[in-house]
Amino acid sequence: RSVIKEGLVEEMRDLTLARGISPRIARVERVEKRNNALETVLAGGERILSHRVIVAIGRSGEYRKLGVPGESLDKVYNRLHDPADFADQEVLVVGGGDSALEAAIAIAQSGGAVTLSYRKKQLSRPKPDNIEKIRALQANPQASETGSIRLAMGSQVKEISPAQVVLDHEGGRPETLANDAVFTMIGRDAPLEFLRRSGVQ
């Protein structure tokens, strides 16, 4: 048996087809109790009766939103795939956790000019190694391939536009930055709404 995700998925697919099970993709709105059975309600209203339902939605739900104008622009991301894509670009990373710091470090080390915006005045949650790397890049910009990191502590994004971002600093002082890309690394909301709709306490 495969222990690698891709191999396991392929193995499960083969087993499913070998037993004559034909999977279908659909959006499930909720699961309801119906006498001695369960009824799965699909988007569009179709209902499927079953004895058992496996809810495998993970513990991470939708990415959190900033709730600011311009957040839907194509240059706004919530995951970093290849930091080299952002070499020589002006990049804003939003967040104060490990994922935000690791994205900022990777982009700076690949040659990007990074501003890290965090609403609090101190970084307290990330791993000490990540904080040390941030401080080392601040102190010695030559440690990266011509990239840089600037911390904008106590700031929040006010607006995103195609070529700029506006930060609000504590005290109401706005700052406009040239910008090519924004990474919102502020976590995810647990998928509790689906469980509430299904009557799970």
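**Close-up views of a predicted model**

**View 1. Val-28 lies in strand S1.** Strands here are DSSP runs of E with at least two residues, helices are runs of H or I with at least four, and both are numbered from the N terminus. We're looking at a predicted model, so local features need pLDDT of at least 70 and side-chain atom pairs count only at pLDDT 80 or more, while totals for chains, interfaces and linings use all residues. Residues are numbered from 1 along each chain as its sequence is written, and side-chain values use heavy atoms, with hydrogens and water left out. Val-28 counts as partly exposed because its relative accessibility is 31%; buried means under 20% relative accessible area, exposed means over 50%, and partly exposed is what's in between, with a 1.4 Å probe and protein chains only. Setting aside neighbours within four places in sequence, Val-28 is in contact with Thr-40, Val-41, Leu-42 and Phe-194, where contact means heavy atoms within 4.5 Å. Lys-65 is 37 residues away from Val-28 along the chain, and their C-alpha atoms are separated by 23 Å.

**View 2. Asn-35 sits in the loop between strand S1 (28-34) and strand S2 (37-42).** Its phi is positive, near 55 degrees, and Asn-35 is no glycine. With a relative accessible area of 81%, Asn-35 is exposed.

**View 3. Asp-88 is another loop residue with a positive phi, at about 65 degrees, although it is not a glycine.** Look for Asp-88 in the loop between strand S4 (76-77) and S5. Relative accessibility is 69% here, so Asp-88 counts as exposed.

**View 4. Helix H1 takes up residues 5-18.** From first C-alpha to last, the 14 residues of H1 reach 20 Å, close to the 20 Å expected at 1.5 Å a residue. The expected span is 1.5 Å times one less than the number of residues in the helix. Just after H1 comes Gly-20, with a positive phi of about 75 degrees.

**View 5. Helix H2 (residues 98-109) comes with a set of buried residues, and its length works out too.** Its 12 residues should span 16 Å at 1.5 Å a residue, and its end C-alpha atoms are indeed 16 Å apart. The buried residues in H2 are Ala-100, Leu-101, Ala-103, Ala-104, Ile-105, Ile-107 and Ala-108. Their cover includes strand S5 (90-94), strand S6 (113-118), helix H3 (128-139), strand S7 (148-153) and strand S11 (181-184). Gly-111 follows H2 and has a positive phi near 105 degrees.

**View 6. Asp-129 belongs to helix H3.** This residue counts as exposed because its relative accessibility is 53%. Asp-98 is 31 residues from Asp-129 in sequence and 9.8 Å from it in space, C-alpha to C-alpha.

**View 7. Thr-115 is a buried residue in strand S6.** Its relative accessible area is 10%. Beyond neighbours within four places in sequence, Thr-115 is in contact with Val-91, Leu-92, Val-93, Arg-150, Ala-152, Leu-167 and Leu-177.

**View 8. Val-157 is in strand S8 (residues 155-160).** Its relative accessible area is 11%, so Val-157 is buried. Not counting residues up to four places away in sequence, Val-157 touches Leu-66, Val-68, Leu-92, Val-94, Val-166 and Leu-167. Arg-119 lies 38 residues from Val-157 along the chain, with 8.9 Å between their C-alpha atoms.

**View 9. Zooming out, the protein has four helices and 11 strands.** Its C-alpha trace spans about 65 × 40 × 30 Å along the principal axes. The radius of gyration is 22 Å, whereas a compact globule of 201 residues would have one near 17 Å; the value is taken over C-alpha atoms, and the globule rule is 2.2 Å times the number of residues to the power 0.38. Buried residues make up 32% of the 201. Of the contacts with a separation of 6 or more, 57% come from residues 24 or more positions apart. The accessible surface comes to about 13400 Å², and carbon and sulfur atoms hold 50% of it; the areas come from the Shrake-Rupley method with a 1.4 Å probe, and for residues only the protein chains shown count as cover.
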